[in-house]
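Visitor: I should like a close look at a single part of this molecule. Please take me through the surroundings of the bound ligands.

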Amino acid sequence: MVITVKPLHPLFAGEVSGVDLRQPVDAATLAEIVRASDRFAVLVFPEQALDDARQIAFSGLFGPLETTRRQLRPDQPLRLDAHMSDVSNLDEKSRLLPATDSRRMGNIGNQLWHTDSTFKRIPARYSLLSAHVIPTAGGNTEFADMRAAYDALPQAKRDELEGLVAIHSIYHSRATVGFTDFTEAERAALPPVPQTLVRLHPGSGRKSLYLASHASEIEGMPLPEGRMLLLDLMEHATQRQFVYTHRWRVGDLVMWDNRCTMHRARSYNMAETRDMRRTTVSDGVSSLDRRQMSIRVAQPAMV
Ligand code: OGA
Ligand code: MN
């Protein structure tokens, strides 16, 4: 055992010590990190202060990285490498964004409970977020354990959800906060996609709810019925007993498993700089493929 994990919450989230991510990480340590993530779903690595190249290199050990959808806006030059999602309130020259800038308005959507990249046909597995500059107050990130939320549902509800598919779209979540400023290129690149509502997590064998602010409706259900089911489940899953609040320190790297958590940024005074940088590891497969695999495994036992 190289790493040590200190629980930060009764259900999930752990603080990892015993590894310096600025140094190359060997296969055995990487396997321990994956095992810890399968158990804790959110891992906090304090005092890492990774530069972007090191963060990209470490994240890339887990699988192929997503590139930022901001590339779809060539009129807004990137501040960071295309493998980093810029979740700061800064422009390409590191100046504070004005209140009406679409980057700043779009980022406010991160304050809705969500799971990263569920609006992509192949969504995200891990996200890794590094704190470079934090505001003097606010700006925490909250995480919800979607396995515990699933486990807490009555059996009848779990049966009802089995096999349901939700439709996810970035335009839906952003419209929730009144933001609709997407170009034709953005709309064409990111059409609404289906995702299973209940996932089987391969590393832990646990089931989890797969929700997110991007989810707008349930396939085959009247719109209000599906929307209300999603809203009810979001409310259930974000009860305080399922939530860990991360209070950032500069140099923290927090890694979370998007297959079994939701998260949201909390507000802060945007006249102060908050410079947070995310790398995102693709899951490599649609959640529907994953669901079919679990159903295929389950069926032979029933004959
Ligand atoms: C993200 C995100 C939350 C935050 O990077 O995916 O949602 O607190 N960030 O910045
Ligand atoms: Mn996010």
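Guide: What follows describes the site of ligand 1 and then that of the metal ion. Please bear in mind that this is a predicted model. Ligand 1 is surrounded by V87, N110, H114, D116, L129, T141, W256, H263, A265, R274 and R278. Sorted by class, this shell comprises four nonpolar, four polar and three charged residues. Several side chains approach oxygen atoms of the ligand. A polar side-chain atom of T141 is 2.6 Å from an oxygen atom of ligand 1, and an N or O atom in the side chain of R274 is 2.8 Å from an oxygen atom of ligand 1. For H263, a polar side-chain atom lies 3.0 Å from a ligand 1 oxygen. On its own, ligand 1 has 290 Å² of accessible area, of which the protein covers 99%. The space that ligand 1 takes is the second largest cavity.

H263 also serves the metal site: together with H114 and D116, it coordinates the manganese ion (ligand 2), through NE2 of H114, OD of D116 and NE2 of H263, at 2.1 to 2.2 Å. The spacing of these donor residues in sequence is H-x1-D-x146-H. Distant parts of the chain are thereby linked, as H114 lies in the loop between α3 (102-107) and β5 (124-133), while H263 belongs to strand β14 (residues 261-265), the pair being 149 residues apart. H114, D116 and H263 are also among the residues surrounding ligand 1.

Methods. Residues are numbered from 1 along each chain as its sequence is written. Chains are lettered from A and ligands numbered from 1 in the order in which they are written. This is a predicted model: local features need pLDDT of at least 70, side-chain atom pairs count only at pLDDT 80 or more; totals for chains, interfaces and linings use all residues. Side-chain values use heavy atoms; hydrogens and water are left out. A residue is near a molecule or strand if one of its heavy atoms lies within 4 Å of it. A polar contact is a pair of N or O atoms within 3.5 Å; within protein, one must be able to donate a hydrogen and the other to accept it, and residues adjacent in sequence count only if both atoms are side-chain atoms. Accessible areas come from the Shrake-Rupley method with a 1.4 Å probe; for residues, only the protein chains shown count as cover. On a 1 Å grid over the protein atoms alone, a cavity is a set of points where a 1.4 Å probe fits but cannot get out, and a pocket is an open set with protein on both sides within 12 Å along at least five of seven lines; lining residues have an atom within 4 Å of a point. A molecule sits in a cavity or pocket if more than half of its atoms lie within 2 Å of its grid points. Ala, Val, Leu, Ile, Met, Phe, Trp, Tyr, Cys and Pro count as nonpolar, Asp, Glu, Lys and Arg as charged, and the others, Gly among them, as polar. Donors are N, O and S atoms within 2.8 Å of the metal (3.2 Å for Na, K and Ca); water is not among the atoms, so sites may look incomplete. Helices (H or I, at least four residues) and strands (E, at least two) are DSSP runs, numbered from the N terminus.
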